[in-house]
Structure formats: C-alpha cells, structure tokens
Amino acid sequence: MGELLVRPRLLWHALPWVIAVAFYFFAGGYLSLGTQVMIWILFTLSLDLVLGYAGIVTLGHAAFFGFGAYAAGIFCVRVTGDPLLGMVVATLLTGVVGFLTGILILHTTGVTFLMLSLAILSMLAEFANKANSLTGGDNGLQGMELSPLFGQFEFNMFGYTAYVYTLVVLFLWFLVSWRVVHSPFGRSLDGIRQSPRRMRAIGTPVWWRLVAIYTLSAAMAGSAGVLSAYAARFVGLSVLSLFTSGIVAVMLILGGVRRIYGAFIGAAVYYLVQDYTAKLNPYLWEFVIGGLLIVVVLFLEGGLMSLIDLMARPFRRSTKA
Amino acid sequence: MSGEVALAVRGLSKSFGALKVAQSIDLDLAPGARVGLIGPNGAGKTTLVNLLTGVIVPDAGSILLGGHRIDNIKPEARVRLGLARTHQINTLLSENDVRDNVAIAVAEREGFAWRSMLYTPQWRACREEAEARLAEMSIGHIADRRVSELPYGEQRLLEIAIAMALKPRVLLLDEPGAGVPSTESHIIHAALDRLPTDIAILIIEHDMDLVFRFAREIVVMVQGQVLRRGAPSEIAADPEVRAVYLGRSRH
C-alpha cells in the first residue's frame, strides 16, 4: 500500500515543473510573461521563508529584490556580462546586505521591525535615486549587455534563454527552500514564530536563527532581482519601492503562507488576473486583485492552496504538502 | 563547588528600583533533590526562577550549575548546560502535534538545527525519542493530537515531557498543577513521582497538597528573602511560617 501511495505524491510535486517546461514550447508571445511569473514565484518564496515560516513581518523585502537587480545590472555594465558570475556575485552580495541589516534590526519585532524594514528600503531607494553615475538615477540603469549563456544562448527579445535560466534558478532555490523548511532548522523557525519563549526554554538561539533565515531569504530575493534585471536588461527605481514589497506580500497571502507551493499559485494567479482583466479595462485589475484578496483573507484561511487541498483530498491520504 | 551539588546559588540579589525582589538568596540543590519553593504572592518565587534561567540579570551573586558558572551566560546556553524549566503559562507550540513539540526539543538538544544536511534520519530519531518521552509521561496515546486541542492537564504533562527531553540535570517546575482541575491533579502527582531520581527538582506550586506530597525539603520565601528551609513536617509546624504564609493563604 505504502509504495503505491508514493507515486501520486511525486506526480503532484512534478506538476508545476511539467507545466513550466510545457509552457516553454506552447507559450508563443506569452513566454516573457511566464518568465515574470517565475521571477515573482521566487521572490514570493523568499518572503514565505521569513514571513510565513519564521513569522518576521516585513514590508522591506523589496530592498533585497532591488539590491540584487541593481547589483547584477551594475556588475554587468561595469565588470563583465557573464550571466552566471553576475548571478553568483549579486546573490552573495544581497545575502551580505540581508545579514548586516538583519543583525541591525532583528532584535526588534512587530511594528518596530516593520518600520525599520521600511526605513532600510527607503534608504536604499533614495541611494539608488541619487547615485546617478552608478545606477542611472530615475532614468534607470541602461546599457546592460549580457554575454551569451555558456557562450551559446543569447539573452534576446524572444526571451527563450531568460525563460530557461529563470526556470533553472527557481528550481534550485525551490530545492533549497524545501530542505530548509523540512529540516530541524526550519521546524525551529516555525516554533519561533509560534512561541519564541518556548524555543528559548529548550535552548534555541532565537536571534541567530532569525538572522540565518533572513540572510538566506535576502539572497533568494536578490536572485529574483537578478533574474528580473536579466530578463529586462534594464533596472528601474520601481524595484526598490514599497509597492514591490506590497505586491509580493499580496501574492504570498493569496497563494497561502507556509506552503511552498503557495508562492507558485499566488504569483501565477496574480499575473493571470492582471493580464486578463487589464485587457478588458486597464484600470480594472487592481480592483479585481483587491476583491480576490478580500475573499481569500476572509473565507480561505491558508489561501488558494486550501482550495487545492479540497480538490486533491479524494486523491490523497495525507493533506499536508 | 564539589561535584555533589547540582545547583548552587550564592548571594543572589535583584532590585527593581527600591523594590528588592531577591535579597541575597542562597540555595543548594543536590542531585536527586526534591525542593518545594513556597511563599505568598509577590514573595519573589517566579523572580527567582527567572534569575536562575537568565530571563532577568541579577545585580549580585552567583549561580553554579554542576560546577559551571552560569549567571553570566544566555538563557539558551544555560539550557544546553542542563537547566530546564516548565512554564506557568502556556508556551507550547499550539499548531504542532504533541510528538513534534517534543521532537523539536530533542533536535535542539542534539544541535541538529545547524546541521541539516542529513536531516531525514535525524528527524526520524527525534520523533522516535519523542514518543518514548511521551510514554514516560503516560501520554503516548495522544502523540498525533494537535496541541491546541488538548485539555489543560495533558498540556501540563507535555510541558514536563519537553523539559525531560532536554536531559536536564536541574529541572525547575513552575506551577505544574496550575489550571488543572482537582479531579485530574492525581495525574500530575503520578507523573511527578515517576521523574528520574537523579535529577534535582525545584518546584514552585500554590497547591500545598502537591508540594507537601512531592517535596522532601521546603524553602519558604517572603519579600525576596528565604525565611525558612526544612523538612515539610518542620515547615508545616513552624509558627512563623504559619503566621506569614499558611495562616493567611490556606483556605
């Protein structure tokens, strides 16, 4: 019995990746939309680690997305257009920024932390705005010329390379996230979210755990920023805006916190709704997204993932994903 | 400072402004000790526990745990050296099941959280040990239940099971019977009686039946000071203790 049940589970886990690969062949003009969705899935996943699992309520996560994007853009313009080296360097740098800011502000919780995370985002945004020579200021960073990936695959207007590159980076970070949240480390984060006092009583160094996940999540958000810079070969100031932090939070809540796949559902639904309703009326989509968010928050504890749980229940014995 | 003492407290003092909540407290717990800490409300019992565990930093005095000076290290480091506590108010992980609450403590004790490359067999071992710990507290049958669904008595037993999973040398029980209906208090009594005899236990409890039944020695605190220390029979007969404490609060 047990062996038979493994297979349908694996099929469920394969589903998003099968869709992503199939999309590459059938997307046509929508390929770049697919790339955007995957970038935002990665960003949402990074927020889930800190906000969902560790319970760190932040509105400053765009700082890391934006920092990663600018770091990759500037590295590309000033140093080399190698997309692999640029990814590694920008991701690591963003991790360092996450570590340093985390050390500074993770002593605090709640509204204080929320404000400090906003303050850091605002400072970075203002720096990017003023440092014209480095970032291009409010004209945005232009002139990114990426070398072909492995000397073969060009990042061009058709977006095939960007799509596959994004898919691979997302998959690698997905594996990292999966391991993290199911490990004793991830379980201790879940414990810290529920009761820091309990975790201290069993000997958990709470602050260091939070710094560790904040650093990892920052690096992950940085990677998402790098991907967005590569896909557009342009970085604008909007990556460092409060609006960007807000969108990623909406995607997470929409999809479902602490579910890993919630990020997938949330980002995908957000983009589908935006794309579809914007065609009907350019001002309609925010109204629809807002309404959807209200319905989900009021009636679907656990986000859209809880709907999938309901639909999947007849096929599975365990309801945990 | 001999190896015979599990916990040695010397001259521990703490003031909040003019309020002296701990005044030069001395306390020794030998391995296997069963000491009851009693005193009227505001006597400083919980303050003493907070000083011992490191939630509050003392103004003066020293705490030695198995020969290690612990008054200058962080709460979590004290736990790793063998000082465990239970809480008066509920701090359990209410969204997790009973087994995971204990397994997470086992994982912390073993330091698995920083070494998560091989976590699958490690976590399985943690859960297996958790089940054994639950069985010791005779709550093995509720391992799969969500903590938020548990009656209060079983939550108290789970608190103790978690503390025991840390393999402590010294255990501080902060009102283990609080909130448990009197019809169920015999379950707590029985569980406390089964705790390993080599662990030093300090119990704070308002339920006098429980304290006098469990403790072999009783410390009476009043206004941040140790008033008396002695066998339960001596304490019960002591006129001064009766005057300041038992006479007033015992119904």
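**View 1. R258(A) is a buried residue in a loop of chain A.** R258(A) counts as buried because 20 other C-beta atoms lie within 10 Å (20 or more make a residue buried, 12 or fewer make it exposed, and anything in between is partly exposed; C-beta atoms are placed from the backbone). Look for R258(A) in the loop between helix 11 and helix 12 of chain A; helices here are DSSP runs of H or I with at least four residues, and they are numbered from the N terminus. R258(A) has a positive phi of about 60° although it is not a glycine. Most residues other than glycine have a negative phi. This is a predicted model, in which local features need pLDDT of at least 70 and side-chain atom pairs count only at pLDDT 80 or more, while totals for chains, interfaces and linings use all residues. Residues are numbered from 1 along each chain as its sequence is written, and chains are lettered from A and ligands numbered from 1 in the order in which they are written.

**View 2. R233(A) also has a positive phi, of about 50°, without being a glycine.** This residue is found in the loop between helix 10 and helix 11 (242-255) of chain A. Is R233(A) buried, exposed or partly exposed? With 19 other C-beta atoms within 10 Å, R233(A) is partly exposed.

**View 3. Helix 2 (residues 31-53) and helix 12 (residues 261-280) of chain A pack with their axes 8 Å apart.** Their angle is about 140°, which makes helix 2 of chain A oblique to helix 12 of chain A. Axes are lines fitted to C-alpha atoms, for helices over the stretch in contact, and angles run from 0 to 180 degrees between N-to-C directions. Angles under 35 degrees are roughly parallel, over 145 roughly antiparallel, 65 to 115 roughly perpendicular, and the rest oblique. Among the residues that meet here are W40(A) and I41(A) in helix 2 of chain A, and F264(A) and Y271(A) in helix 12 of chain A; contact requires C-beta atoms, placed from the backbone, to lie within 7 Å. By class, this contact has 10 nonpolar, 4 polar and 2 charged residues. Ala, Val, Leu, Ile, Met, Phe, Trp, Tyr, Cys and Pro count as nonpolar, Asp, Glu, Lys and Arg as charged, and the others, Gly among them, as polar.

**View 4. Two helices of chain A have different surroundings: helix 3 (residues 62-78) is largely enclosed, while helix 13 is hardly covered.** In helix 3 of chain A, 15 of the 17 residues are buried. In helix 13 of chain A, the count of buried residues among its 16 residues is 1.

**View 5. Chain B meets chain A through 25 residues of chain B and 17 residues of chain A.** Which helix of chain B gives the most to the side that touches chain A? Helix 3 of chain B does, with 5 residues. By class, this side of chain B has 14 nonpolar, 5 polar and 6 charged residues.

**View 6. M137(B) is buried, with 22 other C-beta atoms within 10 Å.** You can find M137(B) in the loop between helix 4 and helix 5 (152-165) of chain B. Leaving out residues up to four places away in sequence, M137(B) touches L157(B), I160(B), A161(B) and A191(B).

Terms used. Contact = placed C-beta atoms within 7 Å.
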